[in-house]
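Work through the exercises below with the structure open. Each task is followed by a solution in steps.

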Amino acid sequence: MKAWRVNELGEPRDVLALEETADPTPSATEMLVKVLAAPANFPDVLMCRGEYQIKPPLPFTPGVELCGEVVSVGESVTKFAVGDRVIGNPSLPSGGFAEYSVLDQNNTFPAPSALDDAEASALSIGYQTAWFALHRRTQLLEGETLLVHAAAGGVGSAAVQLGKAAGAKVIGVVGGPDKAEYARKLGADLVVDRHSEDFVAAVKEFTGGKGADVVFDPVGGDAYAKSTKCIAFEGRIVIIGFAGGTIPQPALNHALIKNYSIIGLHWGLYKAYNQQAIDDCHVELTRLADAGLVKPLISERLSLTDVADGIGRLGDGTTVGRVVFQP
């Protein structure tokens, strides 16, 4: 099969190579799947650089989520059968940027029939992360104001849609006019271009001085620091990641004085501690997809040969919305 492989660590454009390699062999609890679609995610960039918390042995194929068709199953697989259309997180080092990949049955879910292959492939990590942030680590209430940083990114775009589905008023912060237009298409009530606007002032004006009830922050750095200036009384800042490259050092006295919460989310940890919560979340996401309340907005549908360039552009911060590769 053809697969993109990383033989040495570095920038994605420099280290990703499209190679002919043997089909991966599933273990007893795994399935071999034909890849129908695999989206670009920021962890793929970090994995190529050797900066992600998961460090697969070299050589490896990145691609942390996919939609695929089951081709064969291991002897202990009971949840799925050959021919099933599924989504999930591949078993590294055999990631999704290939013609075939392997999925463990516990990291695999039925693909929602309401979504096409590209849309379904992007329903796993971003939407699960956003759902856990908004409905488990905190409880976003109808009528509250949700501030989403990087609202045109993978997890940010999911947070915008899930916020609207929960009945919240959503403010999306983006960088640039193309990303602003994408965030509007997602349904954000107010979009702020951080390149030309001050989101602190925009949030205060939009909320009549109250501030945002929930802040969804996958960026860190200045995004976090400025969010503390427009957080509401009893507000919650949910820390998703640090895509901006700077890990904030929170002033806890400020959280005490202004009476807000700082909440961390490590979605992958639920696989070790509470797999049932992930399974339940997928059922809810499928319900929302069937109802037309969430639908990954795919901005680029590319071929397998475009992976190195696509992941490179994601690392540069120049992609808009979800980029999906379809072998």
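**Exercise 1.** Decide whether Ser 227 is buried or exposed in this predicted model, and find what its side chain meets.

Solution.
- Step 1. The relative accessible area of Ser 227 is 0%. Buried means under 20%, so Ser 227 is buried.
- Step 2. Ser 227 belongs to helix 8, residues 221–227.
- Step 3. The side chain of Ser 227 makes a polar contact of 2.8 Å with the side chain of His 149. A polar atom of the Ser 227 side chain also lies 2.6 Å from the backbone oxygen of Ala 223.
- Step 4. With neighbours within four places in sequence set aside, the contacts of Ser 227 are Leu 147, His 149, Phe 199 and Val 215.

**Exercise 2.** Determine how many disulfides there are, and account for Cys 67 and Cys 281.

Solution.
- Step 1. A disulfide is a covalent bond between the sulfur atoms of two cysteines. The cut-off for the sulfur pair is within 2.5 Å.
- Step 2. For Cys 67, the closest cysteine sulfur is that of Cys 281, 17 Å away, which is too far for a bond.
- Step 3. Taken from Cys 281, the closest cysteine sulfur is in Cys 67, again at 17 Å and too far for a bond.
- Step 4. The count is therefore zero disulfides.
- Step 5. Both cysteines can be placed by accessibility: Cys 67 is buried at 0%, and Cys 281 counts as buried at 1%.

**Exercise 3.** Locate the largest nonpolar core and describe the surroundings of Phe 132.

Solution.
- Step 1. The largest nonpolar core holds 78 residues, and Phe 132, Leu 162 and Phe 216 have the most contacts inside it. Helix 4 (residues 125–137) supplies the largest share, seven residues.
- Step 2. Apart from this core lies another of 17 residues, including Val 173 and Phe 199.
- Step 3. Beyond four places in sequence, Phe 132 is in contact with Arg 137, Leu 265, Trp 267, Tyr 270, Ala 277, Ile 278 and Cys 281.

**Exercise 4.** Classify the aromatic pairs of Phe 97 with Phe 325 and of Phe 132 with Tyr 270.

Solution.
- Step 1. The whole structure contains three aromatic pairs.
- Step 2. Phe 97 and Phe 325 are 5.4 Å apart, centre to centre, with 85 degrees between the planes, an edge-to-face pair. The two residues are 228 residues apart in the chain, and both are buried.
- Step 3. For Phe 132 and Tyr 270, the ring centres are 4.5 Å apart and the planes lie at 55 degrees, so this pair is tilted. It links helix 4 to helix 10 (residues 270–273).
- Step 4. Ring pairs join Trp 131, Phe 132 and Tyr 270 into a cluster.

Note on methods: Residues are numbered from 1 along each chain as its sequence is written. This is a predicted model: local features need pLDDT of at least 70, side-chain atom pairs count only at pLDDT 80 or more; totals for chains, interfaces and linings use all residues. Side-chain values use heavy atoms; hydrogens and water are left out. A nonpolar core is a set of buried Ala, Val, Leu, Ile, Met, Phe, Trp, Tyr and Cys residues joined through side-chain atoms within 4.5 Å. Buried means under 20% relative accessible area, exposed over 50%, partly exposed in between (1.4 Å probe, protein chains only). Helices (H or I, at least four residues) and strands (E, at least two) are DSSP runs, numbered from the N terminus. Contact means heavy atoms within 4.5 Å. A polar contact is a pair of N or O atoms within 3.5 Å; within protein, one must be able to donate a hydrogen and the other to accept it, and residues adjacent in sequence count only if both atoms are side-chain atoms. Rings of Phe, Tyr and Trp (its six-membered ring) pair if their centres lie within 6.5 Å; planes under 30 degrees apart count as stacked, over 60 as edge-to-face and the rest as tilted.
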